[in-house]
Amino acid sequence: MLGEPESFEADPHSRALISALLREALGWVEVEAAGRRRIELRLPQQAVTLEVPLQRAAGVGRLASGRPRLRDSAGVVRPLDTPALIARLVAEPGLARVLGIEDPRAAERLVARVRASAANLDATLSAREADIAALFTKPLGFIAAEQGLLLGHSVHPAPRLREGLAAGDEALVPELGGRVTLQLWAVARERLLQGGGPSAAARLGALIASDPAWHEQHAALGGDLVALPLHPLQH
């Protein structure tokens with residue numbers, strides 16, 4: 001495909017991956033021609049150039065970018081999805097050295113993590129499709145806002161990896177609207193370290209007092225122990 005027009009089709013997992021790579025790898029060039037911007041990274045071992053269309057100049061955080069693509073020496077342009085993009089990146093020796101993945105096992109693990117994250121993100125966007133318009137247009141409470149962070153970290157190669165979660169653990173995933181019951185632990189007072197001064201202790205006390213069962217359990221502990229609510233993954 002010669003002279004393919006700039007495409008800004010949504011590709012959030014590739015944007016996060018490219019945004020992370022831009023911080024790690026040298027050799028990126030920003031190009032502006034005919035009123036259009038893009039960044040380019042030469043992959044000499046593969047005799048191709050990685051191109052990423054930009055909606056504005058590259059800055060801090062997630063790039064406002066379109067779908068990445070490869071341009072070969074004949075000028076033929078091929079779009080890349082995220083699995084193909086990460087496979088190309090780890091196959092370039094210079095990049096592998098910069099990223100510390102010269103060991104094939106490390107490269108394979110990075111590829112697997114990026115692909116798993118991309119699949120999870122696609123599933124999340126599909127599951128929350130009916131909510132997306134409201135997330136961008138309506139006032140949100142704290143919980144709705146936290147659960148509305150669908151894309152994950154803006155500068156991370158695998159922002160929706162979810163390592164350590166098993167099948168059926170959707171209740172632990174905020175962006176899928178998960179709800180969990182906090183676990184109450186008894187912690188030796190001298191083992192509990194917290195910042196925020198007296199106000200932090202007061203807020204913890206107010207949280208415990210807000211639940212009658214927690215308040216009863218806390219009252220039964222005595223002075224040497226403190227009740228501490230923990231998320232199931234923390235617990």
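## A tour of the salt bridges

Begin by selecting Arg71, which counts as partly exposed at 23% relative accessibility. The model on display is predicted, and a search of the whole structure finds 13 salt bridges in it. This tour visits several of them.

With Arg71 still selected, add Glu51: the two residues form a salt bridge, and their closest N and O atoms are 2.6 Å apart. The pair connects distant parts of the chain, with Arg71 in strand 4 (residues 69-72) and Glu51 in strand 3 (residues 48-54), 20 residues apart. Glu51 is buried, because its relative accessibility is 2% and the limit for that class is under 20%.

Next, extend the selection to Arg38, Glu40 and Arg69. Together with Glu51 and Arg71, these residues are linked in a network of salt bridges.

Move on to Arg162 and Glu175, whose side chains meet in a salt bridge at 3.0 Å, N to O. Both residues lie in the loop between helix 6 (142-147) and strand 6 (183-188), so the contact ties together parts that are 13 residues apart in sequence. Arg162 is partly exposed, with a relative accessible area of 23%, whereas Glu175 counts as buried at 5% relative accessibility.

Finally, select Arg128 and Asp131. Their side chains also meet in a salt bridge, with an N to O distance of 2.8 Å. Here Arg128 is the buried partner, at 10% relative accessibility, while Asp131 is partly exposed, with a relative accessible area of 32%.

Notes. Residues are numbered from 1 along each chain as its sequence is written. This is a predicted model: local features need pLDDT of at least 70, side-chain atom pairs count only at pLDDT 80 or more; totals for chains, interfaces and linings use all residues. Side-chain values use heavy atoms; hydrogens and water are left out. A salt bridge is a side-chain nitrogen of Lys or Arg within 4 Å of a carboxyl oxygen of Asp or Glu. Helices (H or I, at least four residues) and strands (E, at least two) are DSSP runs, numbered from the N terminus. Buried means under 20% relative accessible area, exposed over 50%, partly exposed in between (1.4 Å probe, protein chains only).
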